[in-house]
Amino acid sequence: MNGTMAASSNRIMLGPLVAAIDQGTSSTRFLVFNAKTAELLSHHQVEIKQSFPKEGWVEEDPKEILQSVYECMDRTCEKLTQLNIDISNIKAIGVTNQRETTLVWDKETGEPLYNAIVWLDLRTQSTVERLINKTPGKNKNHLKHKTGLPISTYFSAVKLRWLMDNVEKVHEAVLSHRAMFGTVDSWLIWCLTGGKKGGVHCTDVTNASRTMLFNIHTMDWDPELCKYFDIPMEILPKVRSSSEIYGLMKSGPLTGVPISGCLGDQSAALVGQMCFKDGQAKNTYGTGCFLLKNVGTKPVMSDHGLLTTVAYKLGRDKPACYALEGSVAIAGAVVRWLKDNLGIIQTSTELEKLAADVGTSYGCYFVPAFSGLYAPYWEPSARGIICGLTQFTNRSHLAFAALEAVCFQTREILDAMNQDSGIHLSQLQVDGGMTSNRLLMQLQADILCIPVVKPSMPETTALGAAMAAGAAEGVSVWSLNPEDLTEVTSEKFEPQINPEESELRYARWKKAVQRAMNWETTEPVNNGDEETSIFSSVPLGFYILGSMFMLIGAKYIAAGQK
């Protein structure tokens, strides 16, 4: 009895709580933290279905995304009530989200006009090639001085352009001034703050900086960039800081609670890992893999294939901080592929056991370029490749090669970062779902030849969004002063193999990457399901036409000789 009373009186003493919506590529979560101790009190998670209507296409249902947020909120509030925690102590909500994923909806009906086109989607490859060919010197970095980004299928502007060109409903809504564009954060905030009944149409600087329409120097939408992509500025959300009150929740158990934090997932993880100083970096292992390094209040441009992005702006009057980012498209997604497409594992945790059984890839290398290659290559024509196979290779070796692939890709972006800054990281701070795989963490330390440090509370992305929300003016329940930040407990993985072996394996990986390049270079003539014409390949077309002319010519010569 006394224990129960003590527990309930402790719970009453919790003080202010802050919640975070973490809407990722493969799942949605709602998490509640203690604002004073940063302790995670409760959470709920729901998986999100991805659809692949055509090769290279990746879509999600905006209504399912929204519904999953409501479900996670309701379940978490129920769990808190069962724990005797008063949900009226939740003083603010932060939003963090998969970046670049593109949505368009009708502001009068509140209905999405098409599925969300996910950041991994490749349908815009021909648009990207056309845009690059239009630039002086066919330069993919033509807009980098303003955006910090190469012209790539990855970013929102080309996805939005595709929707306007190919979806009649979107085209009509733009013409009749009913269309609203947003990344996932904008869609969620608009819906949660009232939707068609006065919802707030906004985004934050970190998400805006991933669209290719945002000028990272002026910190606003750029009229020239919008003109370049022929996108009307009226459909864009208002750009706000990452930490301010955007609006209030209009329904559900948390009605009236301010939404006051918004950060793209990788920026949120940087904040959650407390990387507030110039030079601090973190690597997040999610669907993709993202290494971000804080470079301070002046943007630094990369010469080695990294992106320059807005890290955060924690308040209306606070300065923006920038980051160098190395983005890898496929990390956790390779596990999902081995599970759903090949069926060699039933659960993600099986992968670690399978790989640990052999402890080597036995010379097998796996380049999972399912969506082309991102940093440091930015090569949309690359495709996935598994090489070095022998009769001895089995599924365990393939599992090991898949884990190594994640580590090698991280090594490539870390090398680029070290070259750009001239300062070598002495250890790597990590977070994200895949960090629960201890073999992966050890492999990462071995391949980087530096220690890997993993916090014991892995939900740093959600924590970052909660920190931004709790620190917002008008909420002010979470202090971001360095002396007030709680010390994070962590685990360290030290390298265990000699650097020579590590370099040898890395060199073989680089060789495999070269084999994956320039695979998907010819555009099909049609856009449907019929077989592609052999003439869609220009060299092949010339070869066949040439052969036909030679045959006809030979026939005439033969006829003349008779």
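## Three buried residues in a predicted chain

Thr 287 counts as buried because its relative accessibility is 18%, where buried means under 20% relative accessible area, exposed over 50% and partly exposed in between (1.4 Å probe, protein chains only). The model is predicted, so local features need pLDDT of at least 70 and side-chain atom pairs count only at pLDDT 80 or more, while totals for chains, interfaces and linings use all residues. Residues are numbered from 1 along each chain as its sequence is written, and side-chain values use heavy atoms, with hydrogens and water left out.

**The whole chain**

The chain has 17 helices and 23 strands; these are DSSP runs, numbered from the N terminus, with at least four residues for a helix (H or I) and at least two for a strand (E). Its radius of gyration is 25 Å, close to the 24 Å that the globule rule gives for 562 residues, so the chain is as compact as a globular protein of that length. That radius is taken over C-alpha atoms, and the rule is 2.2 Å times the number of residues to the power 0.38. The C-alpha trace spans about 115 × 65 × 45 Å along its principal axes. Of the 562 residues, 57% count as buried.

Contact means heavy atoms within 4.5 Å. Among contacts with a separation of 6 or more, 71% are between residues 24 or more positions apart.

**Three residues and their places**

| Residue | Place in the chain |
|---|---|
| Thr 287 | loop between strand E15 (281-285) and strand E16 (289-296) |
| Lys 159 | helix H5 (residues 156-166) |
| Asp 265 | helix H10 (residues 265-272) |

Thr 287 touches, beyond residues up to four places away in sequence, several residues including Thr 25, Trp 119, Leu 120 and Ala 331. Arg 336 is 49 residues from Thr 287 along the chain, and their C-alpha atoms are separated by 8.8 Å.

Lys 159 is buried yet has no salt bridge, that is, a side-chain nitrogen of Lys or Arg within 4 Å of a carboxyl oxygen of Asp or Glu. The nearest side chain of opposite charge is Asp 121, 5.2 Å away; Lys and Arg count as positive and Asp and Glu as negative, with His and the chain ends not counted. Leaving aside neighbours within four places in sequence, Lys 159 is in contact with residues including Asp 121, Glu 100 and Trp 119.

Asp 265 counts as buried because its relative accessibility is 14%. Leaving aside neighbours within four places in sequence, Asp 265 is in contact with Thr 96, Asn 97, Gln 98, Arg 99 and Thr 461.
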